[in-house]
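Dear colleague,

I am passing on the structure we spoke about, and below it I have set out what was found in it. Please read the notes with the structure open beside them.

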Amino acid sequence: MKKVILIVAGLMVLMNIILSLVFEDYSSMAMLQGCAVVVINAVILLLVQCLKLSDAYRYSLNTLFTIVTIAEWIMAFFAPNQLTNNWFVVASLVILILEVLLLIASNSTTNIKLKNK
C-alpha cells in the first residue's frame, strides 16, 4: 500500500505540473499549493500505514483522507494567486489539523484497547 500511495502522489504532482504548463489561467502559486496538499496528505497516508492502528481505523482513515486529498487538490485549481488573505491556505490548514487530530485520536484509542487485552 505504501508503494501505491507514493506512486499516486507522484502522478498527482506530475499532473499538477503539466496542467500548470497547459492552462494559462492555472497560476504557479495554485500549482505549488496543489503540490503541497498532495505531498502533505501522502505523508499523512503513509503515517496511517506505519502506525499500529486497528483495521477499522486504518481502512476508514485511508478512505477519508484519500477523499479529502482529492477534494483539496481540486480546490487548489481555484486557489487565489497570492499567499496573503488566501482562503485555500486557511481551509487546508484547518483540514490538516483535523486529519492530525483524527490520527492521534485513533492511535490513542487503539493503544488503550491493546493495553486492556
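A residue is called buried here when its relative accessible area is under 20%, and exposed when that value is over 50%. Please also keep in mind throughout that this is a predicted model.

By that cut-off Asn 62, which lies in helix H3, is buried, because its relative accessible area is 10%. The side chain of Asn 62 makes a polar contact with the side chain of Gln 49, at 3.3 Å. When neighbours within four places in sequence are left aside, the residues in contact with Asn 62 are Met 1, Leu 45, Val 48 and Gln 49.

One of these, Val 48, also appears in the largest nonpolar core, which has 23 residues and in which Val 38, Val 48, Leu 61 and Phe 65 have the most contacts. Two or more residues of this core come from each of helix H1 (2-22), helix H2 (28-50), helix H3 (55-76) and helix H4 (87-116), with H2 giving the most, namely nine residues. As for Val 38, if residues up to four places away in sequence are not counted, this residue touches Ala 9, Met 12, Val 13 and Trp 73.

Lastly, the cysteines: are Cys 35 and Cys 50 buried or exposed? Cys 35 counts as buried, because its relative accessibility is 11%, whereas Cys 50 is exposed, with a relative accessible area of 52%. A search of the whole structure for disulfides finds zero.

With best regards

Methods. Residues are numbered from 1 along each chain as its sequence is written. This is a predicted model: local features need pLDDT of at least 70, side-chain atom pairs count only at pLDDT 80 or more; totals for chains, interfaces and linings use all residues. Side-chain values use heavy atoms; hydrogens and water are left out. A nonpolar core is a set of buried Ala, Val, Leu, Ile, Met, Phe, Trp, Tyr and Cys residues joined through side-chain atoms within 4.5 Å. Buried means under 20% relative accessible area, exposed over 50%, partly exposed in between (1.4 Å probe, protein chains only). Helices (H or I, at least four residues) and strands (E, at least two) are DSSP runs, numbered from the N terminus. Contact means heavy atoms within 4.5 Å. A polar contact is a pair of N or O atoms within 3.5 Å; within protein, one must be able to donate a hydrogen and the other to accept it, and residues adjacent in sequence count only if both atoms are side-chain atoms. A disulfide is a pair of cysteine sulfur atoms within 2.5 Å.
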